[in-house]
Amino acid sequence: MSLDTPERLPASLADYQALAQANLSPDVAAYFLRGAGAEQTLRANAEDLAALRPWPRACKDLRGGSTACAVLGLSLDAPLLVAPMAYLPLLDPAGEAGVAAAATAQGVGMVLSAQSAQPMDHVRAEGSNCGWMQLYWLGGRDATMQLAQRAARAGFSALVLTVDAPVHGIRDAELSAGFALPPGLRAVNLDGLAQPQFAPLTSGESLLFDRVAHVLPGWEDVAWLCRNAPLPVLLKGILHPDDARQAVQAGAAGVIVSNHGGRVLDGAPSSISALPAVVAAVGGAVPVLMDGGIRRGVDVFRALALGADAVLIGRPVCHGLAVAGALGASHVLRLLLDELEVTMALTGCRTLSDITRDCLGPSPF
Ligand SMILES: Cc1cc2nc3c(=O)[nH]c(=O)nc-3n(C[C@H](O)[C@H](O)[C@H](O)COP(=O)(O)O)c2cc1C
Ligand SMILES: CC(C)CC(=O)C(=O)O
């Protein structure tokens, strides 16, 4: 659905969120905006960011400052990418292509979800900054590689393999609102790829441990994909430093610290609290990105100060898209960029490399 574009755009991301929450139908709001279980992790993502204190500095020379950066070959005006999110046309018909156009207009990146409801070629034609393609392990090497090859043919420059959701999280709010995909909406980029078929369960067997677990990837599959895929592969959904080390060993080109926006394992650590140990474990071998709970430019600053090379933005883009289509998504990104610049100026940071741990007050972690 699409809400009527307001005459005056909302002034802040918080206003976009409130408008989206108030106006989306309860089932669509539950899918896009809520989290798993009791939503402890969803809340912790934002609360733990808010606990970090940017430290104002006086009379620093800010002339010639910039937020420009390069992340794994992407040249961006700021270290922001739109996170991969499924089925965006449920929020506005502009869908993934509208968000790609918004990201491109604002000079930030975008990762296209494997569950995009629009064809990848169309999305990239509308917004070339949509440069990375996310995928899940598709139950086997053949289907996963076929999707990787489709992405390469469509001109993407990297793949993002999501490893934190081998099974669906249990999303209470979504279940009680009765969310279901409407007929006609589907993950079109997966058309024709073999999906796992499961034999019927016999008594005492578990669907998860006796069927699904047999088609989940192991580290040897990840290493195989990193070796053979036509594009570099980042791993998304890393929280544990040991997994970060394994990712690097497996040949990952980057690591994304994420708990899937609190949508999978409720109670898992917030992304920002997990970030420092992952950054230390990776030791500069590959870029480290982070997502989860970024709601203001100051949150981008907080993540960079704890060692992220860039951040991904999830739900705020949904809020913008729901309230005012592609224009709303673009405006949300613009607000974040403006807030990041202002935060840098007030903390005396001229460039991104000036943003270090010393720019924060004493850590609560
Ligand atoms: C509605 C929705 C759909 C999502 N779909 C995907 C997906 O298809 N693939 C994926 O890797 N992550 C998916 N995510 C997780 C996001 O990529 C990202 O990790 C998370 O939203 C970041 O947290 P934030 O929403 O607090 O910014 C989805 C998140 C939302 C809110
Ligand atoms: C279709 C889902 C697997 C997409 C997703 O990752 C999510 O909803 O969080």
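**Exercise 1. Helix H4**

Determine whether helix H4 is mostly covered or mostly open, and find what its buried residues pack against.

*Solution.*
Step 1. Locate the helix in this predicted model. Helix H4 runs over residues 95-105.
Step 2. Count the buried positions. Nine of the 11 residues of H4 are buried, so the helix is mostly covered.
Step 3. Name them. The buried residues of H4 are Gly95, Glu96, Ala97, Gly98, Val99, Ala100, Ala101, Ala102 and Ala103.
Step 4. List the packing partners. Three are strands or helices numbered E3 (80-82), E4 (109-112) and H5 (120-126). The others are strand E5 (130-135) and helix H13 (315-346).
Step 5. Look just past the helix. Glycine 107 has a positive phi of about 75° there.

**Exercise 2. Strands E4 and E5**

Work out in which sense E4 and E5 pair, parallel or antiparallel.

*Solution.*
Step 1. Check the pairing. E4 and E5 run in the parallel sense, with three bridges between them.
Step 2. Pick out one bridge. Methionine 110 has cysteine 130, in E5, as its bridge partner.
Step 3. Check burial. Six of the six residues of E5 are buried, and the strand is mostly covered.

**Exercise 3. Two annotated residues**

Place Arg171 and His260, both under the UniProt annotation "binding site", in the fold, and decide whether each is buried or exposed.

*Solution.*
Step 1. Read the annotation. The unreviewed UniProt entry gives "binding site" for Tyr31, Tyr136, Arg171, His260 and Arg263.
Step 2. Place arginine 171. This residue sits in the loop that joins strand E6 (158-162) to helix H7 (172-177).
Step 3. Apply the cut-off. A residue is buried when 20 or more other C-beta atoms lie within 10 Å of its own. Arginine 171 has 21, so it is buried.
Step 4. Find its contacts beyond four places in sequence. Arginine 171 touches Arg34, Gly35, Ala36 and Arg263. Arg263 also carries the annotation.
Step 5. Repeat for histidine 260. The loop between strand E8 (254-257) and helix H11 (271-282) holds this residue. Histidine 260 is buried because 23 other C-beta atoms lie within 10 Å.
Step 6. Find the contacts of histidine 260, again setting aside neighbours within four places. They are Asp164, Ala165 and Gly237.

**Exercise 4. The two ligands**

Describe the residues around ligand 1 and around ligand 2 by name and by class.

*Solution.*
Step 1. Take ligand 1. It has 23 residues around it, and Ala83, Ser113, Thr162, Gly261 and Gly314 come nearest.
Step 2. Sort that shell. Eight residues around ligand 1 are nonpolar, 11 are polar and four are charged.
Step 3. Take ligand 2. Its surroundings are Ala86, Gln115, Ala165, His260 and Arg263.
Step 4. Sort the shell of ligand 2. Two residues are nonpolar, two are polar and one is charged.
Step 5. Link back to the annotation. His260 and Arg263 are covered by "binding site" in the UniProt record.

**Exercise 5. The whole chain**

Judge how compact the chain is for its 365 residues.

*Solution.*
Step 1. Tally the secondary structure. The chain has 13 helices and 10 strands.
Step 2. Compare radii. The radius of gyration is 20 Å, close to the 21 Å from the globule rule, so the chain is as compact as a globular protein of that length.
Step 3. Add the extents. The C-alpha trace spans about 70 × 50 × 40 Å along its principal axes.
Step 4. Add burial. Of the 365 residues, 50% count as buried.
Step 5. Turn to an exposed position. Proline 362 lies in the segment after H13. Proline 362 is exposed, with 7 other C-beta atoms within 10 Å.

Technical notes
Residues are numbered from 1 along each chain as its sequence is written. Chains are lettered from A and ligands numbered from 1 in the order in which they are written. This is a predicted model: local features need pLDDT of at least 70, side-chain atom pairs count only at pLDDT 80 or more; totals for chains, interfaces and linings use all residues. UniProt positions are given in the numbering used here, feature names are shortened, and annotations may be inferred rather than shown by experiment. Helices (H or I, at least four residues) and strands (E, at least two) are DSSP runs, numbered from the N terminus. A residue is buried if 20 or more other C-beta atoms lie within 10 Å of its own, exposed if 12 or fewer, and partly exposed in between; C-beta atoms are placed from the backbone. Two residues are in contact if their C-beta atoms, placed from the backbone, lie within 7 Å. A residue is near a molecule or strand if its C-beta atom, placed from the backbone, lies within 6 Å of it. Ala, Val, Leu, Ile, Met, Phe, Trp, Tyr, Cys and Pro count as nonpolar, Asp, Glu, Lys and Arg as charged, and the others, Gly among them, as polar. The radius of gyration is taken over C-alpha atoms; the globule rule is 2.2 Å times the number of residues to the power 0.38. Two strands pair if DSSP finds at least two bridges between them.
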